[in-house]
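Got your viewer open? Let's take a walk through this model, one selection at a time.

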Amino acid sequence: MSIRIFFSLFFFFVAETLCAQSLLNSTVSVHARNQPLHDVLTIIGNEANVTFSYNTKSIRRDTLVTVNAVNKPLGEVLRLIFNAGYEFKESGSYIIIRRKP
């Protein structure tokens, strides 16, 4: 009986981990030249079926962004847009963008 519980919990955590990784690994294509960050994130969010959440005091929505990516993982595209001082966390269908601690 305890083996059955162990394997059930194991598969639950593996499935949850795979599911959590899927958003940032999903592929997107985006072509934007000098567009506001908010608009670019809206385009990406619509394509990837995610919603972005971030603090507008630390990330300015009107920052102009240029990015060209074809069939790239979402996480990679976000790293092209944001510098290494930011991290991306998944919560359901949300991607939370924040400065690294």
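Select Phe82 to begin: this residue is buried, with a relative accessible area of 8% (buried means under 20%, exposed over 50%, partly exposed in between, using a 1.4 Å probe and protein chains only). Before moving on, note that this is a predicted model, where local features need pLDDT of at least 70, side-chain atom pairs count only at pLDDT 80 or more, and totals for chains, interfaces and linings use all residues. Residues are numbered from 1 along each chain as its sequence is written, and side-chain values use heavy atoms, with hydrogens and water left out.

Now add Tyr86, which is buried too, at 11% relative accessible area. A search of the whole structure turns up 2 aromatic pairs. In one, the rings of Phe82 and Tyr86 have centres 5.3 Å apart and planes at 55°, so this pair is tilted (rings of Phe, Tyr and Trp, with its six-membered ring, pair if their centres lie within 6.5 Å; planes under 30 degrees apart are stacked, over 60 edge-to-face, the rest tilted). Add Phe88 as well: ring pairs link Phe82, Tyr86 and Phe88 into a cluster.

Next, the sheet. Colour its 3 strands: the sheet is open, in the order E2-E5-E4, with mixed pairing. Strands E2 (51–54) and E4 (86–91) stand at the edges with a single partner strand each, so one side of each has no neighbour in the sheet. (Strands are DSSP runs of E with at least two residues, helices runs of H or I with at least four, numbered from the N terminus; two strands pair if DSSP finds at least two bridges between them.)

Zoom in on the pairings. E4 and E5 run antiparallel, joined by 6 bridges, and Phe88 has Ile97 in E5 as its bridge partner. Their hairpin has 2 residues between the strands, and Gly92 there takes a positive phi near 65°. On the other side, E2 pairs with E5 (residues 94–99) in the parallel sense over 4 bridges, with Phe52 opposite Ile95.

Last stop: select helices H2 and H3. They pack at about 175°, with axes 12 Å apart (axes are lines fitted to C-alpha atoms, for helices over the stretch in contact, and angles run from 0 to 180 degrees between N-to-C directions). H2 and H3 are therefore roughly antiparallel (over 145 degrees; under 35 is roughly parallel, 65 to 115 roughly perpendicular, the rest oblique). Show the side chains making the contact (heavy atoms within 4.5 Å), including Leu41 and Ile44 of H2 and Val77 and Leu78 of H3.
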